[in-house]
Amino acid sequence: MAMKKKPAHAAPAARPPRPSKTKPATGVAPGYLHGYSSDEQDRLYKQARFLEKSVYEHIDFSQQHQVLEVGCGVGAQTEILLERFPQLFIHGLDASEAQVKRARNHLASHLSSNRLKLDVADALHLPFEEDAFDGAFVCWFLEHVQEPIEILREIRRVMKPSGTIYCNEVLNSSFYVHPYSPATLQYWFAFNDHQWNLKGDPFVGAKLANYLMAAGFQNITTKNLIHHYDNRAPKQRAQFIEYWINLLLSGAAGLIEAGKVTQEIVDEMEQELERLKDDPDAVFFYSWIQAKAQAF
Ligand SMILES: C[S@@+](CC[C@H](N)C(=O)[O-])C[C@H]1O[C@@H](n2cnc3c(N)ncnc32)[C@H](O)[C@@H]1O
């Protein structure tokens with residue numbers, strides 16, 4: 001077996017409430033455009049359940065025992081992992097105290113059952129010895145960091161040889177809607193541009209294999225997970241567009257504050273997408289990337 005190299009640290013009436021339009025995005029993780037409001041924390045739980053089928057269809061931690069989840073946020077994915085893989089012990093980390101506090105409340109029963117630990121930590125400096133985990137999981141996380149390769153290298157440092165990592169990340173250039181929706185596209189460009197300027201990466205999904213290789217992982221595979229809704233599935237199409245509106249609005253306060261969009265553009269974008277939900281010819285397309293790799 002190859003020796004593991006140890007790096008030197010390197011329906012409108014029934015619609016759920018929308019995020020506040022005025023609260024500024026705040027937080028400890030630089031580049032985190034969604035912010036840490038309780039609305040946003042709630043959205044993460046809904047998002048995880050809404051996307052659960054596609055995120056977890058190909059994830060298999062049935063042979064793992066100690067999994068590290070980095071950027072665990074409010075524990076929305078942690079909860080699903082604990083449910084799906086009853087043998088797992090999970091150590092979840094997030095840079096934000098507010099997220100970890102919410103996760104601790106939400107997952108109190110799991111914490112007391114000794115299957116879970118949650119801590120505040122920066123992913124660049126993981127508070128673990130080498131070979132501590134046989135699995136690792138990140139979801140919608142690397143898009144928010146400045147140094148993805150260094151973080152992946154640090155995750156590899158604390159993984160056992162042959163440990164499995166799954167990375168689930170966005171590829172925002174894949175977004176397409178029909179009919180043509182100019183305010184939505186303007187908003188989307190501003191959303192991604194803002195994230196890029198905050199030193200995040202809204203296109204990181206396409207680069208995952210390169211980054212995993214650079215960080216020293218092997219046996220890397222990637223899957224394109226596609227959400228393509230048209231007249232074949234109008235109900236799902238409407239549900240996904242509703243989810244998407246909430247995702248877009250999660251960045252609205254920060255975008256307005258940064259002068260990237262006006263409230264008018266936000267309102268027009270929302271109206272366009274509301275119309276799309278009921279348009280009998282609408283098309284919605286979005287793809288993200290799931291990478292799997294092994295530590296060596
Ligand atoms: C979009 S949330 C995703 C949370 C969770 N993975 C999920 O899918 O619900 C991204 C999280 O990454 C955290 N984060 C950003 N930079 C970080 C860093 N350098 N170290 C640890 N966590 C970080 C943020 O605080 C935020 O909670």
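## A tour from helix α3 to the ligand and the loops

Start by selecting Ile80, which belongs to helix α3, residues 76-84. The model on screen is a predicted one. Is Ile80 buried or exposed? Its relative accessible area is 0%, so Ile80 is buried. Now add Arg49 to the selection and draw a distance between the two C-alpha atoms. Arg49 and Ile80 are 31 residues apart along the chain, and their C-alpha atoms are separated by 8.2 Å.

**The whole chain**

Zoom out and colour by secondary structure. The protein chain has eleven helices and eight strands. Of its 296 residues, 54% are buried. Switch on the surface: the chain exposes about 13,300 Å², with 53% of that area coming from carbon and sulfur atoms.

**The ligand**

Select the ligand next. Where does the ligand sit? It occupies the largest pocket. Show the residues around the ligand, of which there are 20. Those that come nearest are Tyr36, Gly71, Asp94, Ala123 and Cys139. Colour this shell by class: twelve residues are nonpolar, six are polar and two are charged.

Three polar pairs can be picked out here, one residue at a time:

- Gly71: one of its backbone N or O atoms is 2.9 Å from a ligand nitrogen atom.
- Cys139: a backbone N or O atom is likewise placed 2.9 Å from a nitrogen atom of the ligand.
- Gln77: here a polar side-chain atom lies 3.0 Å from an oxygen atom of the ligand.

How much of the ligand's accessible area does the protein cover? On its own the ligand has 600 Å² of accessible area, and the protein covers 97% of it.

**After Cys139: Trp140**

Move along the chain to Trp140, in the loop between β4 (133-139) and α6 (148-157). Check its backbone torsions: phi is positive, about 50 degrees, although Trp140 is not a glycine. Why does Trp140 count as buried? Its relative accessible area is 14%, and the limit for a buried residue is under 20%.

**Asn114**

Select Asn114 for another positive phi. The value is about 65 degrees, and this residue is not a glycine either. Asn114 is located in the loop that runs between α5 (108-112) and β3 (116-120). Is Asn114 buried or exposed? With a relative accessibility of 63%, Asn114 counts as exposed, because the exposed class begins over 50%.

**The cis peptide bond**

Go to His178 and Pro179 and display the backbone. What kind of peptide bond joins His178 and Pro179? The bond is cis, with omega at about 0 degrees. Pro179 itself is in the loop between β6 (176-178) and α7 (182-197).

**His227 and its contacts**

For the last stop, select His227, a residue of strand β7, which spans residues 218-229. Its relative accessibility is 6%, so His227 counts as buried. Show side chains and look for polar contacts. Which side chains does that of His227 contact? One is the side chain of Tyr229, in a polar contact of 3.2 Å. Another is the side chain of Trp288, where the polar contact also has a length of 3.2 Å. Keeping His227, Tyr229 and Trp288 selected shows both contacts in one view.

Notes
Residues numbered from 1 in each chain as written. Predicted model: local features only at pLDDT ≥ 70, side-chain atom pairs only at ≥ 80, totals over all residues. Heavy atoms only, no water. Near = heavy atom within 4 Å. Polar contact = N/O pair within 3.5 Å; in protein donor to acceptor, adjacent residues only side chain to side chain. Areas by Shrake-Rupley, 256 points an atom, 1.4 Å probe, with all protein chains shown as cover. 1 Å grid on protein atoms, 1.4 Å probe; cavity = no way out; pocket = protein on both sides within 12 Å on 5 of 7 lines; lining within 4 Å. Sits in = over half its atoms within 2 Å of the grid points. Nonpolar A, V, L, I, M, F, W, Y, C, P; charged D, E, K, R; others polar. Helix = DSSP H or I, 4+ residues; strand = E, 2+ residues; numbered from the N terminus. Buried < 20%, exposed > 50% of the residue type's maximum accessible area, 1.4 Å probe, protein only.
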